[in-house]
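This report describes a pocket, a metal site and a ligand site in turn. The sequence and the model come first.

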Amino acid sequence: MQLKIKDTFTKGLPADLILENSRRQVKKACFSYVTPKKTRKPEMLHTSSEMISALGLSEEDATSKAFLNVFTGNEVLHNTKPYAMCYGGHQFGNWAGQLGDGRAINLAEVEHNNKHWAIQLKGAGETPYSRTGDGLAVLRSSVREYLCSEAMYHLGVPTTRALSLALSGDEVLRDMLYDGNAAYEKGAIVTRVSPSFLRFGSYQIFAVRQDNETLKNLVDFTIKEYFRDLGKPSKETYLQFFEAVLNSTIAMLVHWQRVGFVHGVMNTDNMSILGQTIDYGPYGWLEGYDHNWTPNTTDKQFKRYRFGAQIDMGLWNLYQLANTLYPLIGEAEGLEHTLNSYNEKAQAQHLGMMQSKLGLYQDEKSDAQLINSLEDTLQLTETDMTIFFRNLSDFSIEDPLKGLEIVKDAFYELNEISDTIEHKWNSWFERYATRLQKEDTTSKERKENMNQVNPKYVLRNYMAQLAIDDADKGDYKLIDELFNLLKKPYDTQPEHEKWYAKRPEWARDKVGCSMLSCSS
Ligand code: AMP
Ligand code: MG
């Protein structure tokens, strides 16, 4: 197994001088060297053929003993020194101090086909940043991260990727519901891949500690490695860097709203500096279209990270990043100016995204109202987001009153559609038909276009749970089936029609299918 190692992070940034793997505050360093934990009986459950070739590996490599050992932490690649990254973060609005890679261990960075990748194990043992945790991950959360990150990629949403999913062969103790009933679960390790795992919190920790030297070091490194077009670091480029992060954050969040993804834990330590979806924890997919929904039980009370608040939370997080960069720039004006552009940019992109979901390409002033009214109507009764938008591509301008029939499968309780609600739907469909008359696309073109932004298949929460339940019993076929299904989320796949369906009733309140905790 031959990887072209090209370490930039450990070469370009200050290391923790203490080599002992003990939990502690790590100062004036961006990372700590640490060796992954040996596991009792590693077993590879699934690999991503796309990521295998993206890293310059072959399918043969992927079935080798070396691959199994390296990507479960049992063997360290020649000429590499694994490390855990130091970062802090605001959790649910409060500064939480040092967090860091408590259970992620970076193996190395590699280069292939002019692309640069950092490779990271999640669940490979303790690090100086493990705080009260054990550094491990359980099978259920690993299946969820593995399947979802690849699914998001194929939906066109910026995300970290996944190379492999393995069992460690060790048991991990978890109190899944935080109710005092801890139980042993199977331990697992996901290998994640991204150009960089740097987060907003990676920078925040140094600003909070008033360590401007390391802060500057890290920002300059980031610009040099990932924002090369900005040129030599200066106050001007720091501002441009901030603007680029703001732009990519908005783009990512608008994609989340498009596909109905709710991250669940948008803390600043989970915000990628590259605008990628990162750290798949208690995330979920909207089934009933509901702005107030969050899958995260920890956030049940205030719903800070609910579906309808994700874009606002992006801005909150960017304020923290702006505060972090302020010491390097010395004046607030430019940062404020960029922050002030956020709402307008996000609204415009959100509107454009919603127009595309409806097949509207001429920019009409009344579109925002039409969309608001749709969002209100969608929330009158439980209406499946994915099925609604997908079926809507069959809407006929000539026959607006057939609209309700076309989207019927999206309603969870047909008998909840009272006469008043039916009337509201019909009047919305009539407005939609009138609006569509201003378009010059044929209905066939409109359908094709709409089907490229409205996925047919997403990783519904219960689907992941079914794959987890089987995997727990040693059956991994469903992981493979869902993995392949979700590679083509916009295609009709007749053999997979059963996955184009509303969440079954048994899954409504089942743990893992509706609500999730952080106990991963
Ligand atoms: P998360 O909510 O998964 O983004 O994690 C927040 C922080 O907790 C990060 O610093 C993680 O590394 C750390 N963490 C989460 N789970 C564990 C664990 N099992 N062991 C050690 N650290 C953990
Ligand atoms: Mg995290």
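## Polar contacts with ligand 1

A polar contact is here a pair of N or O atoms within 3.5 Å. A nitrogen atom of ligand 1 has a polar side-chain atom of Asp134 at 3.1 Å, so this pair falls within the cut-off of 3.5 Å. The structure is a predicted model.

Two glycines approach the ligand through their backbones. For Gly100, a backbone N or O atom is 2.6 Å from an oxygen atom of ligand 1. For Gly102, a polar backbone atom lies 2.7 Å from an oxygen atom of the ligand.

## Surroundings of ligand 1

There are 17 residues around ligand 1. Those that come nearest are Gly100, Gly102, Arg131, Gly135 and Asn270.

## Magnesium site

Ligand 2 is a magnesium ion whose protein donors are Asn270, through OD1, and Asp279, through OD. These donors lie 1.9 to 2.1 Å from the ion. Asn270 and Asp279 are both buried. Asn270 is also among the residues that come nearest to ligand 1.

## Largest pocket

The largest pocket has a volume of about 1,000 Å³, and 36 residues line it. Gln91, Arg103, Arg131, Cys518 and Ser520 are the lining residues nearest its centre. Arg131 is also listed among the residues nearest to ligand 1.

Sorted by class, the pocket lining comprises 14 polar, eleven nonpolar and eleven charged residues. Domain 1 (9-200) and domain 2 (211-352) each contribute at least three residues to the lining of this pocket.

Conventions: Residues are numbered from 1 along each chain as its sequence is written. Chains are lettered from A and ligands numbered from 1 in the order in which they are written. This is a predicted model: local features need pLDDT of at least 70, side-chain atom pairs count only at pLDDT 80 or more; totals for chains, interfaces and linings use all residues. Side-chain values use heavy atoms; hydrogens and water are left out. On a 1 Å grid over the protein atoms alone, a cavity is a set of points where a 1.4 Å probe fits but cannot get out, and a pocket is an open set with protein on both sides within 12 Å along at least five of seven lines; lining residues have an atom within 4 Å of a point. Grid points are joined across faces, edges and corners, and a volume is the space filled by probe spheres set on the points. Ala, Val, Leu, Ile, Met, Phe, Trp, Tyr, Cys and Pro count as nonpolar, Asp, Glu, Lys and Arg as charged, and the others, Gly among them, as polar. Domain bounds come from an automatic or database domain assignment. Donors are N, O and S atoms within 2.8 Å of the metal (3.2 Å for Na, K and Ca); water is not among the atoms, so sites may look incomplete. Buried means under 20% relative accessible area, exposed over 50%, partly exposed in between (1.4 Å probe, protein chains only). A residue is near a molecule or strand if one of its heavy atoms lies within 4 Å of it. A polar contact is a pair of N or O atoms within 3.5 Å; within protein, one must be able to donate a hydrogen and the other to accept it, and residues adjacent in sequence count only if both atoms are side-chain atoms.
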